[in-house]
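These are my notebook entries on one structure, written down in the order in which I looked things up. I began with the chain as a whole and then went on to single residues and pairs.

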Amino acid sequence: MGTLRRRVDELTDPEAGVVRVGAHVTGANLLIPRAVARFTADRPRVEVLLREAPPEALIQELGNGDLDLLVGRVTEHPSTSRLRLVPLYREEFRVVAARSHPVHALAEVALKDLVRYPWVVPLAHTPLRDELEENFRSAGLTPPGQRVESGTPATLRTLVAEAGFLALMPESMAVAEPGLQMLELHLAGLAQQVGILLHSDRPLAPNAELLAGKLREVGEEIRRELLVTVPAAVPPHDAAL
């Protein structure tokens with residue numbers, strides 16, 4: 001009923017209303033701020049509510065009608081099987097450490113060199129966590145025992161920058177963090193499609209559709225930027241936007 005009331009209000013006054021967006025860590029650093037800035041320039045009276053939470057919580061809220069759309073990692077996974085996925089750009093997850101971390105002194109970094117350090121790891125039961133642990137197991141290693149599980153970007157950055165932790169970070173985010181440095185190590189399967197996740201049976205209201213258009217526009221720009229700055233790590237893709 002709350003969703004219905006919001007939609008009726010928007011039809012009454014298309015220049016006002018609220019758009020509710022859920023954000024995974026992966027979509028919140030560049031894509032959403034740029035798209036929201038363009039959206040609010042066109043719709044200054046529309047309020048945008050951003051909600052950051054673990055993917056499973058956001059997917060449930062999308063299904064309940066509490067969110068209009070999600071922005072984040074687009075992957076074929078049981079949790080997303082009932083959603084409509086709109087990929088925007090592809091980038092790699094990289095292992096990052098503080099610039100002063102001793103791991104940078106190694107002549108060549110291998111996964112076995114990283115097990116003894118503390119890690120900030122993705123939330124359990126997410127594709128990214130599964131893929132990280134599979135990399136360790138494939139190398140005959142046990143995943144790091146000293147770890148903090150977090151899906152909050154601020155917590156991740158602080159632990160890496162100030163407490164000697166290692167972590168995974170999207171490449172577009174890592175290059176924008178002045179206190180952090182990527183390791184010369186590329187892990188298998190840790191590339192992501194960033195995009196929009198939509199309810200498969202519920203069409204977007206006009207303002208949410210406009211914001212989705214801005215997300216597609218900015219996503220294409222980020223895709224081109226990544227191709228220029230990191231062509232070897234981020235191959236082009238032909239997914240329709």
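**Entry 1: the whole chain**

I compared the radius of gyration of the protein chain, 19 Å, with the value near 18 Å that a compact globule of 241 residues would have, and the two agree. I note here that I am working from a predicted model. I then looked up the extent of the C-alpha trace, which spans about 65 × 35 × 35 Å along the principal axes of the protein chain.

For the secondary structure I found 7 helices and 9 strands in the protein chain. I also looked at how far apart in sequence the contacting residues are: among contacts with a separation of 6 or more, 79% join residues 24 or more positions apart.

**Entry 2: burial, surface and charge**

I looked up burial next, and 48% of the 241 residues of the protein chain count as buried. The area that the protein chain exposes is about 11700 Å², and 54% of this area is supplied by carbon and sulfur atoms. For charge, I noted 26 positive and 32 negative side chains, with the centres of the two sets lying 1 Å apart.

**Entry 3: salt bridges**

How many salt bridges does the count come to? I recorded 16 salt bridges, and I followed up several of the pairs.

The pair I took up to begin with was Arg 129 and Glu 149, whose closest N and O atoms are 2.9 Å apart in a salt bridge. Because Arg 129 belongs to helix H4 (residues 127-138) and Glu 149 to strand E6 (residues 147-149), this pair ties together parts that lie 20 residues apart in sequence. I checked the accessibility of both partners: Arg 129 has a relative accessible area of 7% and is therefore buried, whereas Glu 149, at 44%, counts as partly exposed.

I then turned to Arg 223 and Glu 220, whose side chains form a salt bridge with an N to O distance of 2.9 Å. Both residues are in helix H7 (residues 206-229), and their spacing of 3 residues is about one turn of the helix. Buried or exposed, I asked of Arg 223 and Glu 220? Both Arg 223 and Glu 220 turned out to be buried. Looking further for salt bridges that share partners, I found one network that joins Arg 129, Glu 133, Glu 134, Arg 137 and Glu 149.

The last pair in this entry is Arg 216 with Glu 209, where the side chains meet in a salt bridge at 3.4 Å, N to O. Arg 216 has a relative accessibility of 26% and counts as partly exposed, and Glu 209, at 37%, is likewise partly exposed.

**Entry 4: Glu 61 and Val 71**

I located Glu 61 in helix H3 (residues 55-64). The relative accessible area of Glu 61 is 16%, and since the buried class covers values under 20%, I entered this residue as buried. Leaving out residues up to four places away in sequence, I listed what Glu 61 touches: Arg 51, Asp 66 and Leu 67.

Val 71 I placed in strand E3 (residues 69-74), and its relative accessible area of 0% makes Val 71 buried. I also looked up how Val 71 is placed relative to Ala 163: the two are 92 residues apart in sequence, and their C-alpha atoms are 29 Å apart in space.

**Entry 5: two loop residues**

Where does Leu 30 lie? I found Leu 30 in the loop between strand E1 (17-23) and helix H2 (31-42). With a relative accessible area of 21%, Leu 30 is partly exposed. Apart from residues up to four places away in sequence, Leu 30 touches Ser 172 and Ile 222. From Leu 30 to Gly 195 the C-alpha to C-alpha distance is 12 Å, although 165 residues separate them in sequence.

I closed with His 125, which has a positive phi of about 65 degrees although it is not a glycine. I noted this angle because most residues other than glycine have a negative phi. His 125 sits in the loop between strand E5 (119-121) and H4, and its relative accessible area of 71% puts His 125 among the exposed residues.

Conventions: Residues are numbered from 1 along each chain as its sequence is written. This is a predicted model: local features need pLDDT of at least 70, side-chain atom pairs count only at pLDDT 80 or more; totals for chains, interfaces and linings use all residues. Side-chain values use heavy atoms; hydrogens and water are left out. A salt bridge is a side-chain nitrogen of Lys or Arg within 4 Å of a carboxyl oxygen of Asp or Glu. Helices (H or I, at least four residues) and strands (E, at least two) are DSSP runs, numbered from the N terminus. Buried means under 20% relative accessible area, exposed over 50%, partly exposed in between (1.4 Å probe, protein chains only). The radius of gyration is taken over C-alpha atoms; the globule rule is 2.2 Å times the number of residues to the power 0.38. Contact means heavy atoms within 4.5 Å. Accessible areas come from the Shrake-Rupley method with a 1.4 Å probe; for residues, only the protein chains shown count as cover. Lys and Arg count as positive and Asp and Glu as negative; His and the chain ends are not counted. The place of a charge is taken as NZ of Lys, CZ of Arg, CG of Asp or CD of Glu.
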